[in-house]
Amino acid sequence: MKIKSLINTFPIVLLLASCHPSQKAAVIPAGSHDKLLMAVAWFQNAPEMTALYYQGFNLAHERLDEAIANNNQFKPLAVVVDIDETMLDNSPFEVTLINNDDFQQGWYNWTAKATARALPGALEFAKYAESRQVHIFYITNRDNNEHAATVQNLKNEGFPFATDDHVLTKSDLSYSSGNTSSKVSRRAKVSENHEIVLLIGDNLNDFSEVFEDRKINNGKDAVEQNRELFGKKFIILPNPMYGAWEKPLYDYRNDLNNEEQTRLLKSKLRTE
Ligand SMILES: [Mg+2]
């Protein structure tokens, strides 16, 4: 999640202001995260959400079978998965943002609890991969100080490969060239000893650096240019609650109040 990169250097209130630009750093008006309400309600309650996750992991299962059948690699095969809103469900934390009811409960407190639940189909898929001797690498933009609790959370939910060397957090400098949210160097690290046959995530940045620059056409051109890869090597899952997709909609600003945010969003809607 985008939230976590800032926690090291900013107080929690400013941190949350950075994530959800409607918030002022000093005064957090109630209800100013109300844009989240519909998205979180959908994520937690819509059977369509459940079906989409099953669809994604069913596809992943098929693609993995194909990759195993066609395997001519000397290296062991691997699947790279994101964690947040890919394998684990953090929507209860998003609920606390809607209500603004407990800011001390921030993201770090949430992940430290290690109680996020597995998303539909995620656990079954990971166990299936393990049964076929395919490694799962969890490449997450959670910070290094969340590493132990994240491994514990995955263990608590029964995920295989919930080990230090298979969970690659953002600021683990052995896997990246600095405290970067880009996952490029961590994917490269996995590729040194494994053949990555499939990537699963809720954010295009979970797949390839070609999606990282969204300044032109919100990044949709890159999706068009790589359309054949979706449902093949890239399995994308739905996350309407947050993501890199928000940033261009807010013109990359994190100082907007709720009204300014709403005005910008409306200016980017089309009616035909
Ligand atoms: Mg994610």
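**Reading a predicted model, from its core to its metal site**

Guide: Of the 272 residues of the protein, 50% count as buried, a word that here stands for under 20% relative accessible area, with exposed meaning over 50% and partly exposed in between (1.4 Å probe, protein chains only). This is a predicted model, in which local features need pLDDT of at least 70 and side-chain atom pairs count only at pLDDT 80 or more, while totals for chains, interfaces and linings use all residues. Residues are numbered from 1 along each chain as its sequence is written, and side-chain values use heavy atoms, with hydrogens and water left out.

Visitor: How many helices and strands does the secondary structure of the protein come to?

Guide: Helices (H or I, at least four residues) and strands (E, at least two) are DSSP runs, numbered from the N terminus. In this protein there are 11 helices and 7 strands. Contact means heavy atoms within 4.5 Å, and of the contacts between residues at least 6 apart in sequence, 73% join residues at least 24 apart.

Visitor: What is the order of the strands in the open sheet?

Guide: Strands of a sheet pair through backbone hydrogen bonds, either parallel or antiparallel, and two strands are taken to pair if DSSP finds at least two bridges between them. Here the open sheet has 5 strands in the order β5-β4-β1-β6-β7, with parallel pairing. Its edge strands are β5 (167-168) and β7 (234-236), each of which pairs on one side only. Strand β1 is joined in parallel to β4 (residues 135-139) by 4 bridges, and to β6, again in the parallel sense, over 5 bridges. Residue V80 shows both pairings, since it stands opposite F137 in β4 and has L199 as its bridge partner in β6.

Visitor: Which residues of β1 lie on one side and which on the other?

Guide: In a regular strand the side chains alternate between the two faces of the sheet. In β1, L77, V79 and V81 lie on one side and A78 and V80 on the other, and all are buried, so that both faces are covered. With 5 of the 5 residues of β1 buried, this strand is therefore largely enclosed by the rest of the structure.

Visitor: Where on helix α2 are the buried residues, and why are they on the same side?

Guide: In α2 (residues 35-45), the buried residues are L36, A39, V40 and F43. They are on the same side of α2 because they cover an arc of only 95° around the axis, the arc being that of the directions from the helix axis to the C-beta atoms. The face turned away from the buried side of α2 carries the exposed residues L37, M38 and N45. Among the elements that cover the buried residues of α2 are α3 (47-69), β2 (88-89) and α4 (91-99).

Visitor: Is Y54, in helix α3, buried or partly exposed?

Guide: Residue Y54 is partly exposed, with a relative accessible area of 40%. Leaving aside neighbours within four places in sequence, Y54 is in contact with P120 and G121. The C-alpha atoms of Y54 and F125 are separated by 9.7 Å, although these residues are 71 apart along the chain.

Visitor: Which residues coordinate the magnesium ion?

Guide: Donors are N, O and S atoms within 2.8 Å of the metal (3.2 Å for Na, K and Ca), and water is not among the atoms, so sites may look incomplete. The magnesium ion is coordinated by D82 (OD), D84 (O) and D202 (OD), at 2.0 to 2.2 Å. Distant parts of the chain are linked here, for D84 is in the loop between β1 (77-81) and β2, and D202 is in the loop between β6 (195-201) and α9 (220-225), 118 residues apart. Both D84 and D202 are buried.

Visitor: What do N239 and K183 touch?

Guide: A polar contact is a pair of N or O atoms within 3.5 Å; within protein, one must be able to donate a hydrogen and the other to accept it, and residues adjacent in sequence count only if both atoms are side-chain atoms. Residue N239, in the loop between β7 and α10 (246-249), is buried, with a relative accessible area of 9%. The side chains of N239 and D202 are joined by a polar contact of 2.9 Å, and, not counting residues up to four places away in sequence, N239 touches E85, D202 and W245. Residue K183, in the loop between β5 and α8 (184-193), is buried with a relative accessible area of 3%. The side chain of K183 reaches the backbone oxygen of I139 at 2.8 Å, and, leaving aside neighbours within four places in sequence, the contacts of K183 include the magnesium-coordinating D82, along with T140, N141, N205, D206 and E212.
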